[in-house]
Amino acid sequence: MSNVVIIGGGHAGANIAFALRKDGFKGSIDIISNESFLPYHRPPLSKDFLKRNIEIEKLAFKSEDFYVDQDISVHLSTQVDSINKTSMKVKTKDSSFAFDYLVFATGASPRLFSMPNADAKNLFYLRQINDVLDIHKKLDSAKEIVLIGGGYIGLEVASAMIELGLKVTILESEDRILKRVTSPELSSFYDNFHQDKGVKILCNVEITQFIGDSSAITGVELESGERISTDIVLAGIGVVPNTDLAETMGLECDNGIKTDQFCRTSFPNILAAGDCTSSFNVLLNKSLRLESVPNALGQAKVVSSSIVGNDLFNSEIPWFWSDQYDLKLQMAGLSMGHDDSYILGDIESAEFLACYGKDGYLIAVDSVNQAKQFMLFKRALNNGYKLEMEQIKDKNFQPQSIFSSSN
Ligand SMILES: Cc1cc2nc3c(=O)[nH]c(=O)nc-3n(C[C@H](O)[C@H](O)[C@H](O)COP(=O)(O)OP(=O)(O)OC[C@H]3O[C@@H](n4cnc5c(N)ncnc54)[C@H](O)[C@@H]3O)c2cc1C
């Protein structure tokens with residue numbers, strides 16, 4: 001019987017183990033995780049868990065008993081330090097694990113600041129439960145927060161902090177928030193929404209100094225000379241895929257561990273899934289690195305399928321969600337490179353879909369509080385339906401008609 005060793009117990013790692021058992025895999029499964037908690041849901045870390053609306057116990061995917069029942073061994077607080085591909089062994093500080101199949105599910109780590117005082121105790125990043133527990137300790141006495149980065153993490157934390165009554169400033173180096181992931185229309189909608197809630201958003205800014213010392217940052221100085229006082233700084237300036245181990249053992253990496261559509265790396269019997277990969281997607285006919293739960297879950301199933309000998313492959317449309325205030329943002333497809341866009345619904349009442357087209361056809365959709373309609377568009381994109389932008393722009397168009405009128 002085969003041994004599968006999975007490095008990383010995040011969304012991808014844990015779900016690979018679950019999928020393997022579901023697919024009837026009978027060999028041993030070891031999940032090696034350098035975190036001290038059983039595999040858990042990461043999205044609440046910037047939402048309800050940050051606001052203390054849910055207990056820590058509620059974050060876990062499964063109870064300890066589940067892993068025992070399923071005969072899945074989870075090794076917590078254990079770092080994989082090296083891999084010997086000749087002897088097919090993974091080494092940790094105290095032990096070694098032989099494998100027939102090795103899976104990298106090592107995720108990504110926050111991009112860090114490297115400037116004086118960046119080691120201060122009140123500068124935080126947000127990736128793991130422990131980060132939130134540290135933030136909680138500072139929050140009780142905090143009145144002001146500076147968020148560096150106007151991406152999802154920054155905006156979700158802004159929404160949480162406003163609800164907790166803090167004065168919030170977002171500093172964004174680009175000319176608009178969410179620039180990396182969406183269109184100017186959506187950025188502008190979110191910018192206005194946050195500012196109406198009281199968030200101060202400064203775009204096109206460069207940080208020149210963290211004022212204070214390594215015990216605490218008391219303010220942030222901008223290139224313009226402006227100084228913003230603060231009790232806490234949280235940086236959400238992107239992530240870097242955890243590929244060091246893979247690179248050391250000679251796996252092909254390029255902004256992530258390179259895999260084919262079956263999540264197979266450049267070495268036999270070594271696979272990879274989730275944020276750490278740059279994987280080939282058959283539907284999009286290209287390789288890409290995605291940072292989302294649906295991507296991790298989809299690739300987990302593909303990895304399991306590749307191990308047990310089924311023929312599943314990456315062919316799902318990328319999709320993502322983000323919760324801020326009472327806004328549910330859902331995005332499907334990749335809007336980069338669109339040459340046409342159209343707002344379906346009412347942007348003023350915060351219930352609309354932004355539809356993006358290229359060469360006359362829909363390629364992506366962003367939905368705000370339109371979950372049912374979003375699911376129809378997502379299904380259409382996933383099934384490869386060619387939806388004409390002109391059809392969507394017709395005043396009589398109903399998303400419900402997508403499946404009756406397409407062929
Ligand atoms: C605060 C926050 C909010 C988010 N919100 C959303 C959301 O609303 N919607 C959405 O779709 N996505 C969201 N995401 C993104 C989503 O959580 C990630 O895309 C997802 O967790 C990726 O899963 P993964 O298993 O690839 O990586 P991870 O979940 O990061 O897991 C990787 C694990 O591997 C461990 N590891 C790395 N190297 C080693 C090693 N050498 N030895 C042992 N262990 C190792 C890491 O510590 C980590 O525990 C959010 C992410 C964060 C941080």
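These exercises, with worked solutions, concern helix H7 and several salt bridges in a predicted model.

**Exercise 1.** Determine how the span of helix H7 compares with the expected span.

Solution. H7 covers residues 293-308, 16 residues in total. From its first C-alpha to its last, the helix reaches 23 Å. At 1.5 Å a residue the expected value is 22 Å, and the span of H7 is close to that.

**Exercise 2.** Decide whether H7 is largely enclosed or not, and state what its buried residues pack against.

Solution. Take under 20% relative accessible area as the cut-off for buried. Among the residues of H7 that meet it are Val293, Pro294, Ala300, Val302, Val303 and Ile307. Polar residues are also on the list, including Asn295, Gln299, Ser304 and Ser305. The count is 12 buried residues of 16, so H7 is largely enclosed by the rest of the structure. Two helix and strand partners from the N-terminal part of the numbering are strand S1 (3-7) and helix H1 (11-22). The buried residues also pack against strands S7 (101-104), S19 (270-272), S20 (277-281) and S22 (319-324).

**Exercise 3.** Describe what is found at the start of H7 and what follows the helix.

Solution. At the start, look at Ser292: one of its side-chain oxygens comes to within 3.2 Å of the backbone nitrogen of Asn295. After the helix comes Gly309, with a positive phi near 95°.

**Exercise 4.** Identify the salt-bridge partners of Glu291 and the accessibility of each residue involved.

Solution. Apply the cut-off of 4 Å between a side-chain nitrogen of Lys or Arg and a carboxyl oxygen of Asp or Glu. Arg289 satisfies it, with 2.7 Å from N to O. Arg180 does too, its closest N and O atoms lying 3.6 Å from those of Glu291. Glu291 sits in the loop between strand S21 (286-288) and H7, and Arg180 in the loop between strand S11 (167-171) and helix H5 (184-197), so this pair ties together parts 111 residues apart in sequence. As for accessibility, Glu291 is partly exposed at 28%, Arg180 is exposed at 62%, and Arg289 is buried at 17%.

**Exercise 5.** Find which residues are joined with Asp48 in a salt-bridge network.

Solution. Shared partners link Asp48, Lys51 and Glu163 into one network. Within it, the side chains of Asp48 and Lys51 meet at 3.9 Å, N to O. Asp48 is partly exposed, at 33% relative accessible area, whereas Lys51 is buried, at 17%. The model's count of salt bridges comes to 18.

Notes:
Residues are numbered from 1 along each chain as its sequence is written. This is a predicted model: local features need pLDDT of at least 70, side-chain atom pairs count only at pLDDT 80 or more; totals for chains, interfaces and linings use all residues. Side-chain values use heavy atoms; hydrogens and water are left out. Helices (H or I, at least four residues) and strands (E, at least two) are DSSP runs, numbered from the N terminus. The expected span of a helix is 1.5 Å times one less than its number of residues. Buried means under 20% relative accessible area, exposed over 50%, partly exposed in between (1.4 Å probe, protein chains only). Contact means heavy atoms within 4.5 Å. A polar contact is a pair of N or O atoms within 3.5 Å; within protein, one must be able to donate a hydrogen and the other to accept it, and residues adjacent in sequence count only if both atoms are side-chain atoms.
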